[in-house]
There are 2 protein chains.
Amino acid sequence: MQNSFVQEFDRFLQEKKLRRTPERFKILTEIKKIDRHFEADDLILHLQREKIIVSRATVYRTLSLLEESNILRKFRFDENHFHYELHPKNSHHAHLVCVKCGTIIEFDDQELEELQARICREYRCLPVKRTVEIYGVCAKCRKKEN
Amino acid sequence: MQNSFVQEFDRFLQEKKLRRTPERFKILTEIKKIDRHFEADDLILHLQREKIIVSRATVYRTLSLLEESNILRKFRFDENHFHYELHPKNSHHAHLVCVKCGTIIEFDDQELEELQARICREYRCLPVKRTVEIYGVCAKCRKKEN
DNA sequence: AACATTATTGAGACCTTATCTCAAATTAAT
DNA sequence: ATTAATTTGAGATAAGGTCTCAATAATGTT
């Protein structure tokens with residue numbers, strides 16, 4: 001089950017006639033070890049710590065491929081770098097981001113699924129994807145403030 | 001009515017003991033002339049065309065102030081620059097962005113208002129703001145493709 | 001009206017994140 | 001093993017925005 005990402009990526013690469021290089025798989029394997037959300041820099045640090053030597057450029061290129069193959073999903077919050085998240089396929093969820101501490105909480109959004117469909121129908125638009133972010137002060141930070 | 005932005009900004013500056021400089025008001029006045037959405041570069045170009053000489057830094061600094069005073073709202077779509085929009089106060093709307101041509105359609109979202117409130121209640125979070133973007137292929141682009 | 005105080009401006013340096021370039025290395029097909 | 005085509009790494013470059021600091025200007029005080 002956990003390994004299915006590797007298989008999926010493998011299939012994707014073959015299909016697109018791209019090469020199945022050790023770098024690409026090492027990167028995906030490292031991503032699997034990281035919990036949920038991560039940033040490119042996190043990944044690069046993790047790789048360095050594990051003495052897996054891959055260039056920054058290759059990391060970014062592989063992230064693009066993983067996004068293209070729907071193994072990874074790319075998000076952007078109010079910062080100016082991206083966040084990535086594994087396995088978004090069946091979890092088209094949204095985010096609750098704390099403006100104080102940056103904690104990211106995921107929540108499912110079946111309602112949003114319908115909203116997207118409705119809005120797209122209304123504007124005769126073919127839905128591709130959506131991003132929904134709610135910003136607020138999380139419970140912990142609110143306690144601290146008191 | 002249209003002038004209320006200037007008054008509002010004026011009040012904000014006084015309240016915060018910030019200075020009411022000509023640059024700041026020239027920038028706001030120019031923004032009012034631009035239709036709805038704009039990017040920092042658009043604004044800088046507009047100012048240049050009108051021979052209003054204000055430095056890039058001041059433009060960015062003023063945009064921040066206008067955001068802080070809730071006169072302007074800042075958005076980010078999939079690109080890596082921001083979009084700005086005047087008068088978001090009573091129009092907490094969401095966006096439908098065409099992935100082909102970049103057209104941005106606004107839509108109101110009373111449902112989203114409730115969703116935000118509900119999610120925040122659930123996580124004991126104090127809501128601050130939200131961004132909702134739906135990406136798709138717009139009607140025009142779909143026609144072209146056929 | 002002049003002064004002092006403090007904020008603001010402008011020019012360009014700088015920062016961050018990500019992408020591009022191109023020679024060298026590697027994959028995959030034959 | 002050879003060849004053709006991709007991929008990699010190192011560093012240059014790009015894009016967008018922010019920062020620095022001396023010079024300038026706004027405000028409050030006399």
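A polar contact is a pair of N or O atoms within 3.5 Å. One such pair joins the side chain of Arg24(A) to a phosphate oxygen of DNA strand D, at 3.0 Å. The model is predicted. Chains A and B are related by a two-fold axis, and DNA strands C and D each have protein residues around them, 22 for strand C and 21 for strand D.

**How the two chains relate**

- Chain B superposes on chain A by a rotation of 179°, with 0.1 Å of shift along the axis.
- The RMSD of that superposition is 0.2 Å.
- This is the relation of a two-fold axis.
- Within chain B, Val132(B) has the C-alpha nearest the axis, 2.3 Å from it.

**Around DNA strand C**

- Strand C is surrounded by 22 residues.
- The closest are Tyr60(A) from chain A and Arg19(B), Thr21(B), Arg24(B) and Thr58(B) from chain B.
- Sugar or phosphate holds 68% of the strand C atoms within 4 Å of the protein, and bases hold the rest.
- A base is reached by Arg19(B): a polar side-chain atom of this residue lies 2.6 Å from a base oxygen of strand C.
- Thr21(B) meets a phosphate instead, with a polar side-chain atom 2.7 Å from a phosphate oxygen of strand C.
- Arg20(A) uses its backbone: a polar backbone atom is 3.2 Å from a phosphate oxygen of strand C.
- Four helices each give at least two residues to the surface near strand C. In chain A they are H3 (40–49) and H4 (56–68). In chain B they are H2 (22–33) and H4 (56–68).
- By class, this surface has nine nonpolar, five polar and eight charged residues.

**Around DNA strand D**

- Strand D has 21 residues around it.
- Those that come nearest are Arg19(A), Thr21(A), Thr58(A) and Arg61(A) from chain A, with Tyr60(B) from chain B.
- Of the strand D atoms that come within 4 Å of the protein, 65% belong to sugar and phosphate.
- Tyr60(B) has a side-chain N or O atom 2.4 Å from a phosphate oxygen of strand D.
- Thr58(A) has a polar side-chain atom 2.6 Å from a phosphate oxygen of strand D.
- Arg24(A) has its side-chain N or O atom 3.0 Å from a phosphate oxygen of strand D.
- Helix H2 (22–33) and H4 of chain A, together with H4 of chain B, give two or more residues each to the surface near strand D.
- That surface has nine nonpolar, five polar and seven charged residues.

**Aromatic pairs and clusters**

- The whole structure holds eight aromatic pairs over all chains.
- Phe9(B) and Phe25(B) form an edge-to-face pair, with centres 5.8 Å apart and 65° between the planes.
- This pair links distant parts of the chain: Phe9(B) is in helix H1 (residues 4–15) and Phe25(B) in helix H2, 16 residues apart.
- Phe9(B) counts as buried because its relative accessibility is 0%. Phe25(B) is buried too, with a relative accessible area of 18%.
- Phe38(B) and Tyr84(B) have ring centres 5.7 Å apart and planes at 25°, so the pair is stacked.
- Here strands are linked: Phe38(B) lies in E1 (residues 38–39) and Tyr84(B) in E3 (residues 82–86) of chain B, 46 residues apart.
- Phe38(B) counts as buried at 1% relative accessibility, and Tyr84(B) counts as buried at 5%.
- In chain A, Phe9(A), Phe12(A) and Phe25(A) form one aromatic cluster.

**Lysines over rings, across the chains**

- The charged end of Lys129(A) sits over the ring of Tyr135(B), 5.0 Å from its centre.
- Lys129(B) lies over the face of Tyr135(A), at 5.0 Å from the ring centre.

**Positive phi in chain B**

- Most residues other than glycine have a negative phi.
- Lys51(B) is not a glycine, yet has a positive phi of about 60°.
- Lys51(B) lies in the loop between helix H3 (40–49) and H4 of chain B. With a relative accessible area of 71%, Lys51(B) is exposed.
- Asn70(B), also not a glycine, has a positive phi near 65°.
- Asn70(B) is in the loop between H4 and strand E2 (72–76) of chain B. Its relative accessible area is 46%, so Asn70(B) is partly exposed.

Key
Residues are numbered from 1 along each chain as its sequence is written. Chains are lettered from A and ligands numbered from 1 in the order in which they are written. This is a predicted model: local features need pLDDT of at least 70, side-chain atom pairs count only at pLDDT 80 or more; totals for chains, interfaces and linings use all residues. Side-chain values use heavy atoms; hydrogens and water are left out. A residue is near a molecule or strand if one of its heavy atoms lies within 4 Å of it. A polar contact is a pair of N or O atoms within 3.5 Å; within protein, one must be able to donate a hydrogen and the other to accept it, and residues adjacent in sequence count only if both atoms are side-chain atoms. Ala, Val, Leu, Ile, Met, Phe, Trp, Tyr, Cys and Pro count as nonpolar, Asp, Glu, Lys and Arg as charged, and the others, Gly among them, as polar. Rings of Phe, Tyr and Trp (its six-membered ring) pair if their centres lie within 6.5 Å; planes under 30 degrees apart count as stacked, over 60 as edge-to-face and the rest as tilted. Buried means under 20% relative accessible area, exposed over 50%, partly exposed in between (1.4 Å probe, protein chains only). A charge sits over a ring if NZ of Lys or CZ of Arg is within 6 Å of the ring centre and within 35 degrees of the ring normal. Copies are superposed by least squares on the C-alpha atoms of residues with pLDDT of at least 70 in both.
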